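Welcome to a short set of exercises with worked solutions. Have your viewer ready and try each task before you read on.

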Amino acid sequence: MEIQLFLFKVFFTTSVVLFLFAVWKVIDRCWVQPLRAYRKLRKNGLKGPTPVFPLGNLGEMKKSVMNKRTSSSSSSSAASKGSPSVTHDIHSTVFPFFAQWQKLHGKVFAYWLGVEPFLYIADPEFLKQMSTGVVGKSWGKPTVFKNDREPMFGSGLLMIEGDEWAHHRHILTPAFSPANLKAMSGFMMEFTTEMLDRWAELINSGEPEIDVEREITATAGEIIAKSSFGISHEDGKKVFDKLRAMQITLFKSNRFVGVPFNQFMSPKQTVEAKRLGKEIDTLLMSIITARKKSPRDQITAQRDLLGTLLEEHRDDGRLGKKLSVRELVDELKTFFFGGHETTALALSWTLLNLAMHPEWQEQLRDEIRQVVGDKEVDASMLAGLKKMGWVMNEILRLYSPAPNVQRQARGDIRVQDVVIPSGTNMWIDVVGMHHDPALWGEDVFEFRPERFRDDHLYGGCKHKMGFLPFGFGGRMCIGRNMMMMEYKIVLTMILSRFSFSVSPNYRHSPSILLSLRPAHGLPLMVHHL
Ligand code: HEM
């Protein structure tokens, strides 16, 4: 009896200790650590909006978005009675809270997503000083986003850090070599031709209003599916549909990122995102496994990204470069997701602006006539399409598909007399910098591709870190050359067959769903040339 009582006491005491320890861990993570970080930021002179436990500044952010939506919907319904009203002054539409806080706290300040401290940066000089001397592998990526977006990117290049990132980047870079990209140009032309034939049929059957964003996103999805892992139309569509469903699910629940236990606030979405993530993984794993089993010459014959990676990482131990199937899945998911939507959005926003500026459609057609003539466009001609390059950069400035860049400090960083404590997340507001009159001048909100004529890299921006469509430093976008190639091929093919104008049904409402997209699609009136 005494032994039983003794065992019960031991069990009871251990349970109480474990319980108290768990409670302490939660209090430490949710209260003590954030409070310490808050004091450290304040001590270092980094002010900002006052956070409220446990939401941080999320309450204010949500309110600001709601207010903006209400005011935009009343103005757009007024506009819809006449011709569509389009302004390129979009910063306060897509990030109304940052636009407000900038007025109060300047271009660098601290704010809070739940219990996570973030440093907001829209000052290129601060960014330059902050990043000088920090190499690619020393930057962290916000843990809070890594967890939140795990089903989408897993441990792909976008999310990993340190030596693991350096190792993967080294392995993946050759997959984007000019020779490999050139091999992909065939897929780009093939799928674009199919899309344009579809447009021709629609026009011939009396339906010239086409949602170009939906069309181009689907085509870019096919292109990336084929160029990444050589999969068929049907398999590509399956992955594509599931990824899109996951994106919508994730970003519906994204409102409480950083708040402790936020996964329990929207349990249905959390479970749904995980389920979709698993289904995509299974699909991709079966594709990779089948490919690995095929004869070696077939593995690489297709010259897609997967073929290149498998060839580079044969099981012969060369350079120890091998990626596991799990790692390949995450990299392919990252390419698929990071690679098609951004490019499709750049093209869609371009078509909107060219529809508003028929004189630029004509200028680009003239250039295409001179450079491409009657031949089929091919990769070697693209460098000659200079004006198209200016238009592309102007769109990446006005409607940057990647509206922000993120980092997390993995050590204290000093910028003049400010110390950014280790662990601080950073949110670099690309839209904010691309729309800053102090950097671009009074015509900042105008579509003026010619600003890139004399300064084709920075478009006359007063600071070299003020134009960041592909990020900065060693972690800059690995797929940018692929994007530029796809952009020029698809746009050349569209402009060679059709002209277009803005549909009266278009409602200008740029919004963020990870990327910067038109909230209500992008209907244009398309005509045969
Ligand atoms: C308009 C098209 C695109 C835009 C605007 C864009 C933008 C970006 C940005 C802003 C970053 C983060 C850079 C940083 O943190 O400093 C990034 C990274 C990345 N992008 Fe892109 N991207 C585009 C197209 C593509 C394509 C076509 C692919 C691949 C097929 C791709 C794959 C990636 C990957 C894998 C990373 C992670 C790089 C790393 O962390 O080392 N992107 N991109």
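**Exercise 1. Classify glutamine 416 as buried or exposed, and describe its backbone.**

*Step 1.* Count neighbours: glutamine 416 has 9 C-beta neighbours inside 10 Å, so it counts as exposed. The cut-offs are 20 or more other C-beta atoms within 10 Å for buried, 12 or fewer for exposed, and partly exposed in between, with C-beta atoms placed from the backbone.

*Step 2.* Place it: glutamine 416 sits in the loop between β5 (413–415) and β6 (418–420). Helices (H or I, at least four residues) and strands (E, at least two) are DSSP runs, numbered from the N terminus.

*Step 3.* Check phi: glutamine 416 has a positive value of about 50°, although it is not a glycine. Most residues other than glycine have a negative phi, and most peptide bonds are trans.

Before going further, note that this is a predicted model: local features need pLDDT of at least 70, side-chain atom pairs count only at pLDDT 80 or more, and totals for chains, interfaces and linings use all residues. Residues are numbered from 1 along each chain as its sequence is written.

**Exercise 2. Find what phi leucine 514 takes, and where the cis peptide bond before proline 54 lies.**

*Step 1.* Leucine 514 is not a glycine, yet its phi is positive, about 70°. Leucine 514 belongs to the loop between β9 (510–513) and β10, and it is partly exposed, with 19 other C-beta atoms within 10 Å.

*Step 2.* The peptide bond from phenylalanine 53 to proline 54 is cis, with omega near 0°. Proline 54 is in the loop between α1 (2–43) and α2 (58–80).

**Exercise 3. Compare the span of helix α9 with the expected one, then find what it packs against.**

*Step 1.* Helix α9 (residues 178–204) has 27 residues and should span 39 Å at 1.5 Å a residue; its end C-alpha atoms are 38 Å apart, which agrees. The expected span is 1.5 Å times one less than the number of residues.

*Step 2.* Buried residues of α9 include Leu181, Phe187, Phe191 and Trp199. The buried residues of α9 pack against β3 (209–211), α10 (212–229), α20, β8 (498–502) and β11.

*Step 3.* Just after α9, glycine 206 has a positive phi of about 80°.

**Exercise 4. Work out how enclosed helix α17 is.**

*Step 1.* Ten of the 13 residues of α17 are buried, so the helix is largely enclosed by the rest of the structure. Among the buried ones are Trp390, Asn393, Glu394 and Arg397.

*Step 2.* The cover over these buried residues includes α15, α16 (358–371), α18 (430–434) and α20.

**Exercise 5. Describe the shell around the ligand and the largest nonpolar core.**

*Step 1.* The ligand is surrounded by 24 residues, the closest being Gly339, Thr342, Gly471, Cys477 and Gly479. A residue is near if its C-beta atom, placed from the backbone, lies within 6 Å of the molecule.

*Step 2.* Helix α15 gives the most to this shell, with seven residues.

*Step 3.* The largest nonpolar core has 133 residues, and Phe118, Leu119, Tyr120 and Ile121 have the most contacts inside it. Helix α15 (residues 325–356) gives the most to this core too, with 15 residues. Such a core is a set of buried Ala, Val, Leu, Ile, Met, Phe, Trp, Tyr and Cys residues joined through C-beta atoms within 7 Å.

Definitions and conventions: Contact = placed C-beta atoms within 7 Å.
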